[in-house]
Amino acid sequence: MIVPLAARWVAAVCGILVLLTAWSSVIGTLIVPRPVGSWLTRGVDRVVVATYRLVKRHFRNYQSRDRLLATQAATILITQLLGWLALIFIGYTLLLWPMSSRGIASAFIDAGSSIFTLGFAEPSGTAPAVFVFLAAGSGLVIVALQIGYLPTLYNAFNRRETEVTLLNARGGFPAWGPELLARTHYALGTGVSTLNTLPELYMNWERWAADVAESHSTYLPLVRFRSPLGLSSWVTSLLSVLDSAALMLSLAPEEAPTVQARLCLRGGFQCFGRIARAMGFEVPPEANPDAGITLTFEEFLDAVARLNDVGFKISRDPADAWPDFVGWRVNYEQAAYQIAEAIDAVPALWSGPRHHTVKQIPPIRPPLGRPRGSTSQST
């Protein structure tokens with residue numbers, strides 16, 4: 001069937017629009033240093049996530065799903081690149097079609113030969129030659145930008161995971177806020193509380209939260225980069241630090257590093273909020289203090305029991321401290337739970353539900369260290 005020349009020129013205009021769409025997505029994703037929405041990247045994310053969700057339904061335990069999900073971020077990046085190349089391929093094919101004497105098949109071959117730098121097809125005429133040169137340059141530039149994009153991602157990932165790994169010894173594995181306070185007070189059985197190290201910890205995590213909020217909201221695939229250790233996650237780690245600060249301010253305000261804890265809480269819930277909104281969740285900039293939390297008072301009492309086990313000095317009655325703890329946690333619980341569910345983070349205590357019904361995993365605790373008043377080490 002012979003397509004009228006006018007229809008082919010309409011297709012060429014559509015090709016220009018396709019190219020503009022592709023370049024808008026590339027520039028917004030790889031160059032602009034702020035979150036820029038793109039239907040292509042959002043579509044890729046949804047398709048890949050939906051595919052992985054269907055596959056992981058067949059895995060019964062978290063460890064198997066974690067090994068599968070470790071490849072999810074890489075799949076998103078590869079699919080994203082293929083999507084951009086496919087769009088410019090379609091765009092230049094439509095753009096070359098009116099100038100091709102042998103129909104759309106010839107335009108298809110000319111565009112593919114140029115974009116993938118194969119060079120086996122060369123159209124005649126000045127205008128087609130200009131377009132195939134542009135097509136070749138477009139393919140090379142997009143691939144080069146994606147290659148340059150990877151070091152940025154991995155540098156941000158390494159910065160994130162350094163603090164997460166350091167927290168494993170302090171906050172348990174998987175991390176839990178009460179465990180962080182208990183271990184910091186117990187100090188591996190040395191008999192000397194190290195709560196005086198909390199101000200520095202909260203300052204470090206305030207800075208960490210600012211870094212993660214900036215990098216992960218700008219480069220969303222980072223959100224799905226999983227920690228090297230299966231029972232570790234950046235989401236549950238930050239959540240545990242925020243919970244520890246909220247517990248200190250609620251249960252032992254006299255011992256709490258008030259300024260550092262409050263700044264850490266502020267930075268933490270802003271981090272969760274920015275990333276959740278970048279992922280498309282509806283999270284208000286400031287939480288409603290009357291909204292309440294899903295964590296129960298009974299779970300709060302479990303934390304109090306853990307702190308009492310190591311002799312942590314609690315100066316307030318748990319019933320009196322509970323409203324204050326709720327007032328802190330309401331700021332970050334919703335966003336943290338949504339992100340944890342979306343990426344299927346390790347089901348740590350106090351980290352919310354998952355798509356699959358799973359039992360929450362308590363922190364793995366090492367044997368007791370040196371008992372108080374003893375000179376021998378336990379094994």
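This passage describes the salt bridges and one surface patch of a predicted model.

Opposite charges make a natural starting point, since side chains of opposite charge can pair when their charged atoms come close. In this model the count comes to 13 salt bridges. One of them joins R224 to D45, with the closest N and O atoms 3.4 Å apart. This pair links distant parts of the chain, 179 residues apart: R224 sits in the loop between α8 (198–218) and α9 (234–251), while D45 belongs to helix α2 (residues 39–56). The two partners fall into separate burial classes, R224 being buried at a relative accessible area of 8% and D45 partly exposed at 26%.

A second bridge pairs D211 with R159, and here the closest N and O atoms are 2.8 Å apart. D211 lies in helix α8 and R159 in helix α6 (residues 126–171), so this contact ties together parts that are 52 residues apart in sequence. D211 is partly exposed, with a relative accessible area of 27%, and R159 also counts as partly exposed, at 42%.

E333 and R329 form a further salt bridge, their closest N and O atoms being 2.6 Å apart. Because buried means under 20% relative accessible area, E333 at 5% counts as buried, and R329 at 0% is likewise buried. Elsewhere, salt bridges with shared partners join K56, R65 and D344 into one network.

Turning to nonpolar side chains, V13, I16, L17 and L20 form a patch on the surface, with about 370 Å² of accessible area together. Within this group, I16 lies in helix α1 (residues 5–30) and is partly exposed, with a relative accessible area of 40%.

Note on methods
Residues numbered from 1 in each chain as written. Predicted model: local features only at pLDDT ≥ 70, side-chain atom pairs only at ≥ 80, totals over all residues. Heavy atoms only, no water. Patch = residues over 30% accessible without salt bridge, like charges linked within 9 Å, V, L, I, M, F, W, Y side chains within 5 Å. Areas by Shrake-Rupley, 256 points an atom, 1.4 Å probe, with all protein chains shown as cover. Salt bridge = Lys/Arg side-chain N within 4 Å of Asp/Glu carboxyl O. Helix = DSSP H or I, 4+ residues; strand = E, 2+ residues; numbered from the N terminus. Buried < 20%, exposed > 50% of the residue type's maximum accessible area, 1.4 Å probe, protein only.
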